[in-house]
Amino acid sequence: MARTGVTESIPQTRIAYLRGSLEESDLADGPVATLRRWLADAEGEKVHEPYAMTLATVGKDGAPTTRIVLLREFDESGLVFFTNYESKKGLDLAHEPRVAASFFWPELERQVRVIGRASKVSRETTVAYFATRPRESQLGAWASPQSRGLIARGELESRLAEFERKFAGQEVPAPGHWGGYRIVPVGFEFWQGRQSRLHDRLTFNREADGPWRLTRLAP
Ligand SMILES: Cc1cc2nc3c(=O)[nH]c(=O)nc-3n(C[C@H](O)[C@H](O)[C@H](O)COP(=O)(O)O)c2cc1C
C-alpha cells in the first residue's frame, strides 16, 4: 500500500471486533436502561474511567469543540456532569445548548453516542453534589478560572493558597460559577463492534417527550 510521509509512523493495525453483538431485543428496555447496563459492564470490565464522555459544544462562531467530562448522575430525565459555568464549554452552552456526547469502552468494543440539549441543574443539586467532593477538589473549583489564560502555574498555586486561607476551618461552599448541566437526550446510538467491520448500530430517537423510535443503521 502506498504510504504518505504523514501516516508512515502510524501502525496500520486492524483489530477484529469479536466480543459481542447487538439485537433489537437486547435494547427492549429503552436507551437509559441500556446505558445503565453498558456502564455496569464497563465497570465490571475494569475499564479506566468508564464514566468519561467526550462532550462536544458549539461556540458563538459556529466552531465545535470537544473535551472529556465525567458523567456523575443519570436517569430518565437526563445525563448530568459538573463544570465551571464560565469555562469555554459554559460560554458555548449559554449560547447553544445543543450538545453531542460519546463514550468509548475499547475493552468492550462498544461506543455510545448521545445528542441532546443541556441546561443548568438546580442550585440544590449542585450544592448537594459539591458537598460530596474531596476538599481539595472543592478548593480547586474556587482556585481555577477554568479555560482562562494563566501567566504561569504559580498563579494557580497562589490562588489555591488564597482560598485555603479564606475557607480555613470551615466548609467550602459551592462557587456560584460552578455547577451541573443536565443533557436531556433526544437521540442515542449503541454501537457494538462486529467482525469484518459489519458492526451493529442501533439508534433511539424521539421528538420532545414522544416515544423512543428504534432504528438500525448501516455501519
Ligand atoms: C478523564 C477526564 C475527566 C474530566 N472530567 C471533567 C469534568 O467532569 N468536568 C470538567 O469541567 N472538566 C473535566 N475534565 C477536563 C476537561 O476535559 C477540560 O479540560 C476542561 O473542562 C476545560 O474545558 P473547556 O475549556 O472546553 O471548557 C476532565 C478531563 C479528563 C481527561
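**Close-up views of a predicted model**

**Figure 1. Exposed residues of helix α2.** On one side of α2, opposite the buried residues, A94 and H95 are exposed. The model shown here and in the other views is predicted.

**Figure 2. Buried residues of helix α2.** Helix α2 covers residues 88–95, and its buried residues are K89, G90, D92 and L93. These four lie on the same side of α2 because they cover an arc of only 160° around the axis. An α-helix has 3.6 residues a turn, so residues three or four places apart point the same way.

**Figure 3. Strands that pack against helix α2.** Which strands do the buried residues of α2 pack against? The partners are β1 (52–58), β2 (64–70), β4 (78–84), β6 (110–120) and β7 (178–192).

**Figure 4. Residue L55 in strand β1.** Strand β1 contains L55. Is L55 buried or exposed? L55 is buried, because 25 other C-beta atoms lie within 10 Å; a residue counts as buried at 20 or more. When neighbours within four places in sequence are left aside, the contacts of L55 are T66, R67, V69, K89, V99 and A101. One of these contacts, K89, is among the buried residues of α2.

**Figure 5. L55 and R113.** In sequence, L55 and R113 are 58 residues apart. In space, the distance between L55 and R113 is 10.0 Å, taken from C-alpha to C-alpha.

**Figure 6. Surroundings of the ligand.** There are 16 residues around the ligand, and T83, S87, K88, K89 and S147 come nearest. Which element supplies the largest share of this shell? Strand β2 does, with five residues. At least two residues of the shell come from each of β2, β4 and α2. By type, the shell divides into six nonpolar, six polar and four charged residues. K89 thus appears in three views: as a buried residue of α2, as a contact of L55 and among the residues that come nearest to the ligand.

**Figure 7. The protein chain as a setting for the close-ups.** The secondary structure of the chain comes to five helices and nine strands. Read from the N terminus, the order of elements is α-β-β-β-β-α-β-β-α-α-α-β-β-β. The C-alpha trace spans about 60 × 50 × 40 Å along its principal axes. The chain has 219 residues, of which 21% count as buried. Among contacts with a separation of 6 or more, 60% join residues 24 or more positions apart.

How values were computed: Residues are numbered from 1 along each chain as its sequence is written. This is a predicted model: local features need pLDDT of at least 70, side-chain atom pairs count only at pLDDT 80 or more; totals for chains, interfaces and linings use all residues. A residue is buried if 20 or more other C-beta atoms lie within 10 Å of its own, exposed if 12 or fewer, and partly exposed in between; C-beta atoms are placed from the backbone. The arc is that of the directions from the helix axis to the C-beta atoms. Two residues are in contact if their C-beta atoms, placed from the backbone, lie within 7 Å. A residue is near a molecule or strand if its C-beta atom, placed from the backbone, lies within 6 Å of it. Ala, Val, Leu, Ile, Met, Phe, Trp, Tyr, Cys and Pro count as nonpolar, Asp, Glu, Lys and Arg as charged, and the others, Gly among them, as polar.
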